[in-house]
Amino acid sequence: MSTTSGTPADQSAENAASTRRPSAYSLLESFPVEVPGGITFTVRLVPAADPSAPVVLVLPAMVMKAKHYLHLAKSLNAQGMSVALCDLRGQGECTPALQDQPNFGYREMIEIDLPAVTAAVRERFPNSELHLFGHSLGGQLSLLYAAGEPGAVDSVTVIGTGTVYWRAFGIRRWFEALRDIQWIGLVARVKGHWPGGVLIPGAMAGRVMVDWSRHSLTSHYRPAGTSRNYDRLLAEMTTRVLAISLADDRLGPKSNVDFLESKLTAAPVTRWHIDADSPVIHRDHFEWIKDSPVIARVASEWVRTGVLDRTGLDG
């Protein structure tokens, strides 16, 4: 009896996999962060030569993996920043996988995950300021965390991060926003998770999407299970914010970013709307990552000084 398992094609695939070079992302310095419930995050680092340089923690958009932001991380690092990358709960390298862990919502990500991850990053960079850079959902979580934990971070930069409140969309999109987002919330309630489809292509935890759809209907941030009044906390927050919007962004258009910014009544907010006159060529909700060098140059200068350097930004 032969002891060889698998077909020649299978063996060739296994041999190819064993000789495949590891990705640049997988070779980054990393460390695990565990939170209650056996949830483990992998934080990957692009450290600056100066150990006291500002460190930027990048938080991804919904269903986006942290490795997608490696170009941004390298661009920020080229500006002298240390950068930390970490997936959101249930995404990317976070374990267990989404389908193998209990349901969760905004509260767990804001009040359990981010305190643990930011504390671990601060421990790794004890002499550095800590700044958040959030994309879309990652930006919402960044703002809510900074509001709920005053002094936890030194600044927040968000891109493509607006409210999903239906009335914040242009009047021509009101029906579309109500229909699509409330449908996602309904499916998430019934199934206990969002399987992917309309607007959100990948799977997401049910309570995340229910929290998201409730905010879309009411404009208020009231994650299930929290004891915090996040609308009041956002209004009281004094952490400085750089809010970036993109002219071709249908998921987080300027009107939605402006509406979310209007909740930050006490915070010093710097606005940067990237339009057709900008050197940023890719102005879509996701494609902006291709112009990371330009965005990193402006964002890193703002992180250091609080000033938006418009040199070369205006036509």
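Reader: How many salt bridges are there, and what makes a pair of side chains a salt bridge?

Author: The count comes to 18 salt bridges. The term requires a side-chain nitrogen of Lys or Arg within 4 Å of a carboxyl oxygen of Asp or Glu. This is a predicted model, in which local features need pLDDT of at least 70 and side-chain atom pairs count only at pLDDT 80 or more, while totals for chains, interfaces and linings use all residues. Residues are numbered from 1 along each chain as its sequence is written, and side-chain values use heavy atoms, with hydrogens and water left out.

Reader: Why are glutamate 108 and arginine 207 called a salt bridge?

Author: Their N to O distance is 2.5 Å, which is within 4 Å, so the pair qualifies. The pair links distant parts of the chain, with glutamate 108 in helix 3 (residues 106-124) and arginine 207 in helix 6 (residues 206-218), 99 residues apart. Helices here are DSSP runs of H or I with at least four residues, strands are runs of E with at least two, and both are numbered from the N terminus. Glutamate 108 also meets arginine 107 in a salt bridge, at 3.2 Å from N to O.

Reader: How do you know whether glutamate 108, arginine 107 and arginine 207 are buried or exposed?

Author: Buried means under 20% relative accessible area, exposed over 50%, and partly exposed in between, with a 1.4 Å probe and protein chains only. Glutamate 108 has 7%, so it is buried. Arginine 107, at 22%, is partly exposed, and so is arginine 207, at 24%.

Reader: What makes arginine 122 and aspartate 154 a salt bridge?

Author: Their closest N and O atoms are 3.5 Å apart, and that value falls within 4 Å, so the term applies. Arginine 122 belongs to helix 3 and aspartate 154 to the loop between helix 4 and strand 6 (155-159), which puts the partners 32 residues apart. Arginine 122 is partly exposed at 29% relative accessibility, and aspartate 154 is partly exposed at 30%. Elsewhere, salt bridges link Lys254, Asp258, Glu261 and Arg271 in a network.

Reader: How many aromatic pairs are there, and what makes two rings a pair?

Author: There are five aromatic pairs. Rings of Phe, Tyr and Trp (its six-membered ring) pair if their centres lie within 6.5 Å; planes under 30 degrees apart count as stacked, over 60 as edge-to-face and the rest as tilted.

Reader: Why is the pair of tyrosine 69 and tryptophan 288 called tilted?

Author: The centres are 6.4 Å apart and the planes 45 degrees apart, so the distance is within 6.5 Å and the angle is neither under 30 nor over 60 degrees. Tyrosine 69 lies in the loop between strand 3 (55-59) and helix 2 (70-78) and tryptophan 288 in the loop between strand 10 (269-274) and helix 9 (292-305), so the pair ties together parts that are 219 residues apart in sequence. Tyrosine 69 is buried at a relative accessible area of 1%, and tryptophan 288 is buried at 1%.

Reader: Why is the pair of tyrosine 165 and tryptophan 166 called edge-to-face?

Author: The planes of tyrosine 165 and tryptophan 166 make an angle of 70 degrees, with 6.3 Å centre to centre; the angle is over 60 degrees, so the pair is edge-to-face. Both residues are buried. Ring pairs link Tyr165, Trp166, Trp174 and Phe259 into a cluster.

Reader: How do you know that serine 219 is buried, and what does it touch?

Author: Serine 219 has 9% relative accessibility, so it counts as buried. Its contacts (heavy atoms within 4.5 Å) are Tyr165, Arg214, Asp231, Phe259 and Lys263, not counting residues up to four places away in sequence. Serine 219 is in the loop between helix 6 and helix 7 (230-236).

Reader: How do you know that helix 4 is mostly covered?

Author: In helix 4, 12 of its 12 residues are buried; among them are Leu137, Gln140, Tyr145 and Gly148.

Reader: What makes the charged end of arginine 124 sit over the ring of phenylalanine 125?

Author: The rule asks for NZ of Lys or CZ of Arg within 6 Å of the ring centre and within 35 degrees of the ring normal. Arginine 124 is 4.5 Å from the ring centre of phenylalanine 125, so the distance fits. Arginine 89 lies over the face of phenylalanine 104, at 5.4 Å from the ring centre.
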